[in-house]
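Hi everyone, thanks for making the time. I'd like to walk you through the cysteines of one model today, and then the strands around them. Here it is on the screen.

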Amino acid sequence: RQEPEWFGHDCSLRHCPTGDDPRTLSKDETNCFNVTAEGGFGTGQNGNLCHVDCSNRGQCNYFTGQCKCFTGYYGDNCGAMSALAK
């Protein structure tokens, strides 16, 4: 099942842009193949993508749908890394 952009009891919250964590080169967090779905019903098929707010390298503001990237990370989904990354 794909994550909706808008969510919450009244659909007023918005997911931030998704991306793969730039610090985990050996793993793609957006790849949901064989990942158990939320609630434990079903597993991801080949080609299914998981939603990863701000590439795990920022904090999502669910009211605006925008990421606030941690120091050293940048881009709309915080998926790019600079020399300042810790």
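Let's begin with C69 and C78, which form a disulfide with their sulfur atoms 2.1 Å apart. Please keep in mind that this is a predicted model. The torsion about that S-S bond is -95°, and the link of C69 and C78 is left-handed. What about the surroundings of the two ends? C69 is partly exposed, with a relative accessible area of 24%, while C78 is buried at 0%.

How many disulfides does the structure hold? There are four. If you number the bonded cysteines in sequence order, the pairing reads 1-5, 2-3, 4-6, 7-8.

Next comes the pair of C54 and C67, again a disulfide, with the sulfur atoms 2.1 Å apart. C54 sits in the loop between β2 and β3 and C67 in strand β4, so this pair links distant parts of the chain, 13 residues apart. Is the link left-handed or right-handed? The torsion about the S-S bond is about -100°, so the disulfide of C54 and C67 is left-handed. As for C54, its relative accessibility is 0%, and it counts as buried.

Now one that the chemists here may want to look at: C32 and C50 form a disulfide whose sulfur atoms are 1.4 Å apart in the model. With 110° about the S-S bond, this link is right-handed. Both C32 and C50 lie in the loop between β2 (13–14) and β3, so the pair ties together parts that are 18 residues apart in sequence. C32 is buried, at a relative accessible area of 11%, and C50 is buried too, at 19%.

Then there is C11. Why does it have no bond to C60? C60 holds the closest cysteine sulfur, but that sulfur is 15 Å from the one in C11, too far for a bond. C11 counts as partly exposed, with 48% relative accessibility.

Finally, the strands. β3, residues 58–61, and β4, residues 66–69, pair in the antiparallel sense over four bridges. Two cysteines face each other in that ladder as bridge partners: C60, and C67 in β4. The two strands form a hairpin with four residues between them. In the turn, G65 has a positive phi of about 75°. And C67, the bridge partner of C60, is also the cysteine that is bonded to C54.

That's my tour, and I'm happy to take questions.

Methods. Residues are numbered from 1 along each chain as its sequence is written. This is a predicted model: local features need pLDDT of at least 70, side-chain atom pairs count only at pLDDT 80 or more; totals for chains, interfaces and linings use all residues. Side-chain values use heavy atoms; hydrogens and water are left out. Two strands pair if DSSP finds at least two bridges between them. A disulfide is a pair of cysteine sulfur atoms within 2.5 Å. Buried means under 20% relative accessible area, exposed over 50%, partly exposed in between (1.4 Å probe, protein chains only).
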